[in-house]
Amino acid sequence: MADFNAGKPFDFERGFTMDFDLKTGFSTMLDTGKRYLSQMKGMFADDAAYDAACDGQDPLVYEFHGMPVPEHEGDLAFGCSIVYPGKVGNEYYMTKGHFHTMLETAEIYYCLAGHGYMLMENPEGDWLALELEAGKAVYVPKRYAHRSICVGNEPLRTFFVFRADAGHDYGTIETKGYRKLLVEADGKPTIIDNPKWK
Ligand code: NI
């Protein structure tokens, strides 16, 4: 079987196919960005535990890839993120989390593997943590910051799609933090107030 009348790879004007492994979340056509623990200073609640976890090592917390889509209204960006199992103190490994620069844009995540949560909050202070497991999709509505958190022993792998020109605002979360944290208490994921929230 072959394509007919297809153009170049990543032809966002005329369409294209690519390999995308739904077990691993990886594609041979894309490099992944990597976030190591040293790049997440101040984002976990327990600074002493963070310093200890970084002492002489720098574990990989998550990686991600996204399509090199032009940021045009009407295009869709998609990709995958993979959060590895681990904790800083009792707080699970997570992504930095972001709002979209265009706040009024939503996003779909589909969980390929692992067990985790999508932690979301809006500027008005509403928050929710939705459980992710393989086969579940989560709708992240417009106006909600979103962060994936791995609570299992396997990597949490999610596929995502969003409006290509939505943009990413990481700074608000880096500065203010989330109102809530997901930590392990009595062996179970538990929501607590973030003592660092500003
Ligand atoms: Ni997003």
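Is Glu 107 buried or exposed? In this predicted model, Glu 107 is buried, with a relative accessible area of 2%. Glu 107 also serves as a ligand of the nickel ion, through OE. The other donors are the NE2 atoms of His 98, His 100 and His 146. Donor distances run from 2.0 to 2.2 Å.

The arrangement around the nickel ion is irregular, because the four donor atoms subtend angles of 81 to 164 degrees. Tetrahedral geometry would require all angles to lie between 85 and 135 degrees. Along the chain, the donor residues follow the spacing H-x1-H-x6-E-x38-H. Glu 107 belongs to strand 7 (residues 107-113), and His 146 to strand 11 (residues 145-150). The pair therefore ties together parts that are 39 residues apart in sequence. His 146 is buried, with a relative accessible area of 2%.

A second site of interest is Lys 196. This residue lies in the segment after strand 15 (188-193). Lys 196 counts as partly exposed, at 28% relative accessibility. Leaving aside residues up to four places away in sequence, Lys 196 touches Gly 42, Phe 44, Ala 45, Asp 47 and Lys 176. Two of these neighbours are linked to Lys 196 by polar atoms. A polar atom of the Lys 196 side chain lies 2.8 Å from the backbone oxygen of Phe 44. The side chains of Lys 196 and Asp 47 are joined by a polar contact of 2.9 Å. Lys 176 is 20 residues from Lys 196 along the chain, and their C-alpha atoms are separated by 8.0 Å.

Notes
Residues are numbered from 1 along each chain as its sequence is written. This is a predicted model: local features need pLDDT of at least 70, side-chain atom pairs count only at pLDDT 80 or more; totals for chains, interfaces and linings use all residues. Side-chain values use heavy atoms; hydrogens and water are left out. Donors are N, O and S atoms within 2.8 Å of the metal (3.2 Å for Na, K and Ca); water is not among the atoms, so sites may look incomplete. Four donors count as tetrahedral if all angles lie between 85 and 135 degrees; four count as square planar and six as octahedral if opposite donors are over 155 degrees apart and all others between 65 and 115; anything else is irregular. Helices (H or I, at least four residues) and strands (E, at least two) are DSSP runs, numbered from the N terminus. Buried means under 20% relative accessible area, exposed over 50%, partly exposed in between (1.4 Å probe, protein chains only). Contact means heavy atoms within 4.5 Å. A polar contact is a pair of N or O atoms within 3.5 Å; within protein, one must be able to donate a hydrogen and the other to accept it, and residues adjacent in sequence count only if both atoms are side-chain atoms.
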